[in-house]
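Hi,

Here is the structure I promised to pass on. Have a look at it first, and my notes follow underneath.

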Amino acid sequence: MAGTVFFSVSMSLDGFIAPQSSEELMGRQWMELQRWVFAQRFFRENLKLGTGGEEGPDNDIVRETFERTGASVMGKRMFDAGEQMWPEDAPFHTPVFVVTHERRDSWDRPGGTTFHFVNDGIEAALDRAREAAGDRDVRIAGGAETIVQCVNAGLVDEFTISLSPVLFGSGIRLFEGVDAARVALEPVRAEPTQRVTHLGYAVRLR
Ligand SMILES: NC(=O)c1ccc[n+]([C@@H]2O[C@H](COP(=O)([O-])OP(=O)(O)OC[C@H]3O[C@@H](n4cnc5c(N)ncnc54)[C@H](OP(=O)(O)O)[C@@H]3O)[C@@H](O)[C@H]2O)c1
């Protein structure tokens with residue numbers, strides 16, 4: 001269904017999506033969490049990591065997630081980390097709306113990504129993303145704080161977690177602060193591969 005709002009993240013088996021500090025990004029835990037995705041041909045080409053890569057079911061999921069996305073909403077901490085790491089030709093190729101308190105002009109990248117900085121909250125960011133996405137879907141790209149705000153506000157229709165076989169022990173927990181009394185989940189997909197288990201849920205408010 002066009003206009004669906006979703007998120008799709010890699011999560012450790014104990015519920016974390018990133019190490020606590022940005023200095024640890026690209027460290028051992030992050031690489032173990034994301035090992036499955038770094039191996040995929042579509043991801044490698046899109047991030048300009050080189051040729052080659054796997055073309056099985058994990059690659060299909062990465063490509064489908066990219067192709068359904070007409071615009072993204074992102075938190076400022078994810079943007080700050082990505083700004084250091086993405087190639088000049090950033091890997092979104094669509095508008096990206098960054099929720100932040102910082103005032104900043106829109107930033108065009110080669111290849112069709114434009115980052116817009118939104119200072120009036122997630123609903124305003126999502127309205128703009130829906131309009132920009134046209135007949136495609138809107139991805140809440142992350143991180144956890146932004147995803148949880150959207151879930152708690154009843155703005156997320158569905159999500160996918162790629163459950164990686166790694167334990168963090170501590171870090172940024174995906175569902176920290178979720179309004180568990182309000183949010184109900186309906187399982188819609190469970191697909192194990194050699195590398196991870198992809199879990200899909202529809203979100204219903206109680
Ligand atoms: N495992 C995965 O698949 C995955 C996916 C995505 C991201 N990540 C990771 O997640 C981490 C970041 O997540 P996070 O939870 O720490 O942070 P985040 O959600 O990316 O960003 C939070 C920040 O965004 C701004 N913000 C959020 N909501 C706002 C609002 N309503 N109004 C104004 N500003 C708002 C605030 O920054 P300011 O006050 O500074 O503006 C806030 O501190 C990164 O390490 C990233 O790599 C992992």
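Let me start at Leu185, which touches Tyr201 and Val203, leaving aside residues up to four places away in sequence. Keep in mind throughout that this is a predicted model. Leu185 sits in strand β10. Is it buried or exposed? Leu185 counts as exposed, because it has 12 C-beta neighbours inside 10 Å, and the cut-off for exposed is 12 or fewer. Its C-alpha atom is 8.9 Å from that of Glu158, with the two positions 27 residues apart along the chain counted as separation.

Now the sheet that β10 belongs to. It is open, has nine strands with mixed pairing, and reads β5-β6-β4-β3-β7-β1-β8-β11-β10. β5 and β10 are at the edges with a single partner strand each, so each has one side without a neighbour in the sheet.

At the β5 end, strand β5 (residues 107–108) runs antiparallel to β6, joined by two bridges. The two make a hairpin with five residues between them, and Gly111 in the turn has a positive phi of about 95 degrees. On the other pairing, β4 and β6 (residues 114–118) run parallel, with five bridges. Phe115 in β6 is worth a click: it is the bridge partner of Trp107 and also of Val96. Further along, β1 and β7 pair in the parallel sense over two bridges, and Phe6 stands opposite Arg139 in β7.

Two helices lie across these strands. α4 (residues 57–68) crosses β1, β3, β7, β10 and β11 (197–205), at about 90 degrees to β3. α5 lies across β3, β4, β6 and β7, and runs at about 100 degrees to β3.

On to the packing. In soluble globular proteins, nonpolar side chains tend to be buried together. Here the largest nonpolar core has 38 residues, and the members touching the most others are Val73, Ala129, Ile140, Ile147 and Val156. Elements that each supply at least two residues to this core include β1 (5–12), β3 (69–75), α5 (76–85), α6 (121–133), β7 (137–142) and α7 (144–152). If you want one residue to centre the view on, try Ile140: not counting residues up to four places away in sequence, it touches Val5, Phe7, Val73, Thr146, Ile147, Cys150 and Val156. Apart from that core lies another one of seven residues, among them Val37, Phe42, Val62 and Val196.

α7 deserves its own look. Seven of its nine residues are buried, so the helix is largely enclosed by the rest of the structure. The buried ones are Ala144, Thr146, Ile147, Val148, Gln149, Cys150 and Val151. Just after α7, Gly154 takes a positive phi of about 70 degrees. Gln149 also has its C-alpha atom 9.4 Å from that of Asp179, 30 residues away along the chain. Asp179 is in the loop between β9 (172–173) and β10 (183–192), and it is partly exposed because 14 other C-beta atoms lie within 10 Å.

Last, the ligand. Which residues are closest to it? They are Val9, Gly75, Thr100, Gly142 and Gly143, out of 24 that surround the ligand. β1, β2, α5, α6, β7 and α7 are the elements giving two or more residues to this shell. By class, the shell has 11 nonpolar, nine polar and four charged residues.

Cheers

Terms used
Residues are numbered from 1 along each chain as its sequence is written. This is a predicted model: local features need pLDDT of at least 70, side-chain atom pairs count only at pLDDT 80 or more; totals for chains, interfaces and linings use all residues. A nonpolar core is a set of buried Ala, Val, Leu, Ile, Met, Phe, Trp, Tyr and Cys residues joined through C-beta atoms within 7 Å. A residue is buried if 20 or more other C-beta atoms lie within 10 Å of its own, exposed if 12 or fewer, and partly exposed in between; C-beta atoms are placed from the backbone. Helices (H or I, at least four residues) and strands (E, at least two) are DSSP runs, numbered from the N terminus. Two residues are in contact if their C-beta atoms, placed from the backbone, lie within 7 Å. A residue is near a molecule or strand if its C-beta atom, placed from the backbone, lies within 6 Å of it. Ala, Val, Leu, Ile, Met, Phe, Trp, Tyr, Cys and Pro count as nonpolar, Asp, Glu, Lys and Arg as charged, and the others, Gly among them, as polar. Two strands pair if DSSP finds at least two bridges between them. Axes are lines fitted to C-alpha atoms, for helices over the stretch in contact, and angles run from 0 to 180 degrees between N-to-C directions.
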